[in-house]
Amino acid sequence: MVGKVLGIRDLEQFSSRRSSVYVDPECDKFFELPLFIAASSNDVTTKCQCFQFSPGKEPALRSFTEIQQLLQQGKKRDVKNILRENSWPINSPIRSQLWPLLCGQHLTKQHMLDGFYWEMVHQVFGTTELSEKPIMLPAFVDAIHCLPYHLTSTGRAVADRIVNVLGYDCPDITYSPVLYPITSILLHFMSEEEAYICLAGLVASKEKVFINQTKLQHEVTWKTVMQIAKKHTKSAVSYFQRICPGLKLERVFMDWCWWILAGLPFQHLVRIMDCYFHEGIKVLYRVALVILNLFHKECQSNNEWSPDNIKNDIGNALIKFCKKITVSPAKLLHAAFSIRGLSTQYISRISIKTEMLLKSRSVLNSSSKQLIKSRSSDNLPTSQSQVNIQMMSHTLTIREKLHSESCRNLLFTLWSWLPVRITMYQPKLLYTTEEHGCSLTTFYVRVEQHEPTLLMIKTCNNEVFGAYCSSRWFERNVKDDKGQRQAYFGTGETFLFSLYPERAKYPWVGIEGDKDLGHSSELFMAADSKMITIGGGEGQAIWMDENIRFGKTDGCKTFNNPPLCPSGDFEIRVLEVYGFVGS
């Protein structure tokens, strides 16, 4: 059985056992990885250029049990280093356990581990038997890039079924061309059910990005790669622009992920996936930058890649170059992880800025008819939601005699400040001190798993202000790679606002430019059992005590805001927190 736990004595049979189910038996000749089993279970090496080590200096490859124990201890940084450094052979049995373990970290629907997949298969297809007829793929799949990686016809049918079930279970996925290739790769090392559970974990991940699921996310991703490349591979980007003066860089970077998934040899892909399933899409970013640099160097020394040969289609030339790449997987990854200044925070900042820029351009480029429509009822709370909010809200009511009109105007003002994608969902009151009491414990119970949330405060002086909080409040409990809780969390989508007596929005300062503004510009959200804080750096924009009774507001570097109420200190009359149904 594919998903069986294999010992070292099973290693010689692993490749054929795997191939007999989903994988073309002829595919091993493409990989050229003859395997040699020594007396010691730790002495597993391959005789190929991908893993050339000096005699007597073979590194001891780490076992699945060691990695599992480290993950259980919360030592994610140690696991990251092991995955980067251990070049397991392509047909090593470790991946049949390792990949499900790594992807399982990101699962939120734990019930999927117990027969959930087959229930879904029966629900979608009416049977668990694999149909001989072709299965129509979901609309989010790109038919051009359904890469099978030497799967048999049965293997491809299984991949089709997995992707269909995932689309049924995750209707929010509207565009995800990389999903199918990753499914095909997973099926080389595990059963159908395990592959589905792995994909479900990658799609559901909240802490890290693995798979884009909309056209907007897809565009944000390739434009993020382009921005990063302009900084970290300047000479390569300048070279391409110089030999093709009329070339739009966008055409090159739109296909960046296919340099890797459609271009690189399978043994390279497998080693990249070892790291990707743990660290996320940033691994692919790093590999793409290395490919650009290698291609640039080859263009200067190899006539095959001369300007005349590549200037009309650099994107396709890059894929062809990757197919012929001479650098081993180990060296490729070493170069990728040696790039400095490419932190998760930096990538996140570029990504968020790119997304917000795309959204703003989308609004500006809309036709006048579309703009008129957006000013009426499109992407506004439904009439019933407006009525519900007016009836429930105590923060949006300034003068009782103008209750309905005042609430509606403030609600629409606030709605116009939200990220465009969030306006497609309907607001839901999650917590209010009027109904649920004044306790941070209750606040967390009712709010912490929702993302995003809208926090609104009305003081005893009738000032109304708050914050759009982009991340879950549960992240106050998330530990870093060293096992320590991070003091601050959140992203640059977080913003502050004031509704009364002044109406103003205070976005993150990092949106204004690419320059590094320092740690104090990224202090978005913080919380513990005694307080919650939004914004930091020479002051806290919003601070509230554990009894949700008293608070203070200062100017801060994260949002470059003034105090949100004149006195600075305030007493809370009402705190309300809204979530968004379907987000």
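Me: I'm looking at α13. Which of its residues are buried?
Reply: In α13, the buried ones are Trp256, Cys257, Trp258, Trp259, Ile260, Leu261 and Gly263. Keep in mind as we go that this is a predicted model. A residue is called buried when its relative accessible area is under 20%. In α13 that applies to 7 of the 8 residues, so the helix is largely enclosed by the rest of the structure.

Me: What covers the buried residues of α13?
Reply: The cover includes α8 (179–186), α10, α12 (249–253), α14, α15 (282–301) and α17 (314–323).

Me: How many helices and strands does the protein have, so I can place these?
Reply: There are 24 helices and 12 strands. Of the protein's 583 residues, 52% count as buried. Also, take the contacts with a separation of 6 or more: 71% of them are between residues 24 or more positions apart.

Me: Back to α13. Where does it come up again when I look at cavities?
Reply: In the lining of the largest cavity, where α13 gives the largest share, 3 residues. The structure holds 2 cavities of 30 Å³ or more, and the largest has about 100 Å³ of space. Both α10 (215–232) and α13 (256–263) supply at least two residues each to the lining of the largest cavity.

Me: Which residues lie nearest the centre of the largest cavity?
Reply: Val178, Asn212, Cys257, Ile281 and Leu284 do, out of 13 lining residues. You've met Cys257 already, as one of the buried residues of α13.

Me: And what is the lining of the largest cavity like by class?
Reply: It has 10 nonpolar residues, 3 polar ones and no charged ones.

Me: Let's try a helix with two faces. Which residues of α11 are buried?
Reply: For a helix like this, ask where the buried residues point around the axis. In α11 (residues 234–243), Ala236, Val237, Tyr239, Phe240 and Ile243 are buried. Their arc around the axis is only 160 degrees, which puts them on the same side of α11. The face turned away from that buried side carries the exposed residues Lys234 and Arg242. Among the elements covering the buried residues of α11 are α10, α12, α15, α16 (307–310) and α17.

Me: Which residues of α4 are buried, if I read it that way too?
Reply: In α4 (residues 76–85), they are Val79, Lys80, Ile82 and Leu83. They span an arc of only 165 degrees around the axis, which puts them on the same side of α4. These buried residues pack against α3 (64–72), α5 (95–104) and α14 (266–279).

Me: How many disulfides does the structure hold?
Reply: A disulfide is a covalent bond between the sulfur atoms of two cysteines. In this structure the count is 0. You can still read each cysteine by its exposure. Cysteine 299 is buried, with a relative accessible area of 6%, while cysteine 460 is partly exposed, at 34%.

Me: Now the backbone. Which residues are joined by a cis peptide bond?
Reply: To read one, look at the omega angle. Glutamate 451 and proline 452 are joined by a cis peptide bond with omega of about -5 degrees. Proline 452 sits in the loop between α24 (440–447) and β4 (453–459). Another cis peptide bond joins tyrosine 500 and proline 501, with omega of about 5 degrees. You'll find proline 501 in the loop between β6 (495–500) and β7.

Me: What is phi for histidine 150?
Reply: Phi is the other backbone angle to check here. For histidine 150 it is positive, about 70 degrees, although the residue is not a glycine. Histidine 150 lies in the loop between α6 (116–125) and α7 (153–169), and at 28% relative accessibility it counts as partly exposed. Asparagine 560 also has a positive phi, near 50 degrees. Its place is in the loop between β11 (550–552) and β12 (569–581). Asparagine 560 is exposed, with a relative accessible area of 61%.

Me: One last loop residue: is valine 509 buried or exposed?
Reply: Valine 509 has a relative accessible area of 18%, so it counts as buried. It belongs to the loop between β7 (504–506) and β8 (525–527). Valine 509 and serine 521 are 12 residues apart along the chain, and their C-alpha atoms are separated by 6.8 Å.

Conventions. Residues numbered from 1 in each chain as written. Predicted model: local features only at pLDDT ≥ 70, side-chain atom pairs only at ≥ 80, totals over all residues. Heavy atoms only, no water. Disulfide = S-S within 2.5 Å. Buried < 20%, exposed > 50% of the residue type's maximum accessible area, 1.4 Å probe, protein only. Helix = DSSP H or I, 4+ residues; strand = E, 2+ residues; numbered from the N terminus. Arc of directions from axis to C-beta. Contact = heavy atoms within 4.5 Å. 1 Å grid on protein atoms, 1.4 Å probe; cavity = no way out; pocket = protein on both sides within 12 Å on 5 of 7 lines; lining within 4 Å. Points joined across faces, edges and corners; volume = space filled by probe spheres on them. Nonpolar A, V, L, I, M, F, W, Y, C, P; charged D, E, K, R; others polar.
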